[in-house]
Amino acid sequence: MKFLTLLLRNVGRNKIRTVLTALAVVVLVAIYTLASAVTDTINHLVGSHASQSRLMVLEKWVVPSQFPIRYVPKIADVDGVADWTVWHFYAGLLDDAGTRGAGIATRMENLREMHPGLEELDPRLIKAMQRERTGALVGQRILDQMNWQVGQRFRVMSFTHLNKDLEFKIVGTLPGDVWAHNFFFRDDYYQEACDDKDNVAIMWLQVADEQNGKRVAAEVEQMFANSPAKVRVETESAGVARFAGRTNTIVSIINFVVAVLLIDMVIVLANSINMTVRERRSEMAIFKILGFQPSFILAMVIGEAVLIGALGGIIGAGTTYGISLLNAADQLPVRMSFLLQFPIPAKFLLHGLVVGASVGLIGSAIPAAHAQRVGVAEAFSRVG
Amino acid sequence: MTDAIVHVESVYKEYLTGSEPVRVLHGVDLEMAAGDYVSLIGPSGSGKSTLLNLIAGLDRPTSGRIIIAGEAISEMDEASVARWRSAHIGFIFQFYHLIPVLTAYENVELPLLLFDMPAAKRRKQVNIALDLVNLDHRVKHRPGQLSGGEQQRVGIARALVTDPALIVADEPTGDLDGHTSEEILDLLQAVHETLGKTILLVTHDPRAASRAQRLVHMDSGVLVEGNAESLREAFPGWANGH
C-alpha cells in the first residue's frame, strides 16, 4: 500500500464530488486555454521580426493608410534606401461559412528580402509567381483551415473592395508561421483587377542601419510636408509598438478575465477540499494517533487536490486542443471560424496540466494547513 | 526510573476555558505492571479521556511525569512522541476508525508503514495479527463490507501488529450489540492472557470493566483504586443484575 494508492482511492471516494470538481476545472481550463490562445496569437503577431532598419511609410492622418503611388519612385530614390516594396491590402471571405482571409498585394522580385520570415521561400516559387498573373502564395494555416492544395484555385468575396471578388491560383505555400494567416499576390494583378492604380497602402524601405533610418525618415517626411497627402515614416518596431498599444487593451482585458477564472478555479477547488477535510477529520486524527507526522496529512490533502486539478487541467486543455484540431480538419458538425483564427498549440496541453495542478496546490493550501492541525481527540469517544 | 510499563506520577492537567484555567486532573498517580489489564471507569467529564490521552502520548500534562515502557514521554517533543507512539502504543477505538478506502489487510498494515521494514516481514506480521483475530478470510474486504464486530477485530489486529508495550482501548464495545461485545471482550481477554499484553481499558460498560484484573475509578479528576463496590456505584443498574 503506497501513498499514491491511498491518494487515488481517496480521489475515487466521493465520485460525484470529484467528478463535479474536476468538471469545474475542465470548463475553466478550457476557457483559460482559449483565452491564452487568443493572447498568444496576438502577441506572436505583434512581436515577430520587428526591426529598426526597416521603415514603413504611411499616410499621416488617414486610417487605413493610403497615399499616392506617384510618391513611390521619389521615396525609392532617397539616398540611403537600399531596397523597397509596397503593400496593398485585400481581404474577404474565403468560403460561405464566413472564413476570413487577408491578402497582401506586393512586388514579387524582392518578396523574400523585404519580408522577414520568408527567407526560406523557394526562389522557384517567385519565378512561378512571376509567370502566373493570378498566382498566390498562401500561409499554411489557411491551407490547413480550408483544406486547399497547391495548384487549385480559390475565390475571395472581398469586403474591402466591393464588387471586386478576385480569383487566385495557389502557386505555393509560405514557409514558417509568421505569415501563416496571410496570402501574398502580385501588385500588378491587384492594380488592374481592383482598378486601384493611383494609391498604395504602405511602402516598406530597407535602410543600412538605424542612424541611416532616422535620416531617411526625416527626409521622406520633409519631402511631402507641403503636399495634401502628408506621410509619416516610422521604424517597423515603432509601428509594431503602436499596434501593440491598441491590442494591449484587448490583451489586458483577456488577461483580467483569465486571472478571474484562475481565482474562481482556486475557490471551487478550495471549497471542495475543505468539505473533504471536514468529513475526514477523525480519519486524519487516526493517522496522527498511529504516528504519522502532520506533514503526511498535509501531503495527503494537497496531493488529492493536485491530482484532481491536474486531471481536470489536462482534460480541459486536451478537449480544447482536440476540438481545435477537429475544427481545422472540418471534422465537426459545425465549423467554428473563431477557433480557426486562434489555433491552439500542443504546448497548451502542458499548460493545462500545470495550471490545473497549480490551482490544486493553491486551493488546498488552507484546508491542508487546517487538516494537519486536526486534534487527536477527534478520534476518541465523546464520553469521559 | 521504574520497571512498570505505565508510571504516572503526580499528574495535573489544566485546560483554558476562555481565559479561565479549568483543572481536569488533580495529581493523578497510576502504576501498571507488564501484563496488567486495567479498567478505567468513571462518570462523564471525570477526566478519563484526558488521562488516556496523556498516557498514550497524545497530550502533555501541565505538571507531573509520565513514563511508559521506560520512556519519559511527558518530556518528549511532538515529533518524537509521535514516533515513539507508533512503536509502543496500540489503539482500539469505540468507532473502530478504520480507513474506509483501505482493505482489512491494508488497515492493519498501516502502522507498519512508519517503520523501515521489508515488505515480506510486514506481510508476515499483518497475517499473524489478522490470524489472531480470526479474520484471515476477510483480508481483502473494506470496512464497509464488514460487520461492526469484524471491523473492531480489524481494529484490534491493527493495535497488535506493531507488538506494542501497551494497548489503550477507548470504549471498544460502545458501538456493538451485547453478543458482539462479549466476543470482543473475549478477544481482548485472550490477547491479555495468551500474548501477555498490558491493556488499559476505558469503558462505560460494566461487563467490559468487570473483565479486567484491576479497576481504577476516576471521579472529578482524582483516581482511586476500585473494586466491586466501585462498579456498583458507577453502574447501579448492573449491580442489580441488569
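Helices (H or I, at least four residues) and strands (E, at least two) are simply DSSP runs, numbered from the N terminus. Counted that way, chain A comes out with 13 helices and eleven strands. Everything described here belongs to a predicted model, with an ipTM of 0.85 and a pTM of 0.68.

Let's begin with chain A. Of its 384 residues, 38% are buried. Its contacts reach a long way along the sequence: taking those with a separation of 6 or more, 81% are between residues 24 or more positions apart. A:Leu118 gives a handy example. This leucine sits in the loop that runs between helix H4 (111-114) and helix H5 (123-131) of chain A. Is A:Leu118 buried, exposed or partly exposed? A residue needs 20 or more C-beta neighbours within 10 Å to be buried, and 12 or fewer to be exposed; A:Leu118 has 19 inside 10 Å, so it counts as partly exposed. Leaving aside residues up to four places away in sequence, A:Leu118 touches A:Leu111, A:Arg112, A:Leu174, A:Pro175 and A:Trp179. Take A:Leu174 from that group: A:Leu118 and A:Leu174 are 56 residues apart in the chain, yet their C-alpha atoms are 7.1 Å apart in space.

Next comes the place where the two chains meet. Here chain A puts in 19 residues and chain B puts in 29 residues. On the chain A side, the elements giving two or more residues are helix H1 (3-11) and helix H10 (281-290) of chain A. H10(A) makes the largest contribution to that side, with five residues. Sorted by class, the chain A side holds ten nonpolar residues, six polar ones and three charged ones.

Now for chain B itself, which has nine helices and ten strands. The chain is 242 residues in length, and 48% of them count as buried. Among its contacts between residues at least 6 apart in sequence, 69% link residues at least 24 apart. How confident is the predictor about this chain, and what is its mean pLDDT? The mean pLDDT is 87, with 92% of the residues of chain B at 70 or more. Confidence varies by element, though: helix H9 (residues 236-239) of chain B has the lowest mean, 55, while H3(B) has the highest, 94.

The strands of chain B include two open sheets, and one of them has six strands, in the order S6-S7-S8-S3-S9-S10, with mixed pairing. Why do S6 and strand S10 (222-225) of chain B each have one side without a neighbour in the sheet? They stand at the edges and have a single partner strand each, so nothing in the sheet flanks the other side. From one strand to the next, the twist averages 20°. At one end of this order, strand S9 (residues 214-219) of chain B pairs with S10(B) in the antiparallel sense, over four bridges. Within that pairing, B:Met218 has B:Leu223 of S10(B) as its bridge partner.

The other open sheet has four strands, ordered S2-S1-S4-S5 (chain B), and its pairing is antiparallel. Its edges are strand S2 (20-32) and strand S5 (71-72) of chain B, which each pair on one side only. Strand S1 (residues 6-17) and strand S4 (residues 63-68) of chain B run antiparallel, joined by five bridges. One bridge pairs B:Glu9 with B:Arg65 in S4(B). Helix H1 (residues 48-55) of chain B packs on this sheet and touches S1, S2 and S4 of chain B, with its direction at about 120° to that of S1(B).

Back at the six-stranded sheet, helix H5 of chain B deserves a look of its own. H5(B) lies across S6 and S7 of chain B and runs at about 170° to S6(B). Does its length fit what a helix should span, and what is the distance between its ends? H5(B) covers residues 148-160, and at 1.5 Å a residue its 13 residues should span 18 Å; the end C-alpha atoms are 18 Å apart, so the two agree. The helix is mostly covered, too, with ten of its 13 residues buried. Among these buried residues are B:Val154, B:Ile156, B:Ala157 and B:Leu160, and also B:Arg153 and B:Arg158. What covers them includes strand S6 (89-92), helix H3 (104-109), helix H4 (119-132), strand S7 (166-170) and helix H6 (178-195) of chain B.

Methods: Residues numbered from 1 in each chain as written. Chains lettered and ligands numbered in written order. Predicted model: local features only at pLDDT ≥ 70, side-chain atom pairs only at ≥ 80, totals over all residues. Contact = placed C-beta atoms within 7 Å. Nonpolar A, V, L, I, M, F, W, Y, C, P; charged D, E, K, R; others polar. Expected span 1.5 Å × (residues − 1). pLDDT = per-residue confidence, 0-100. Pairing = 2+ DSSP bridges. Axes fitted to C-alpha atoms, helices over the stretch in contact; angles between N-to-C directions.
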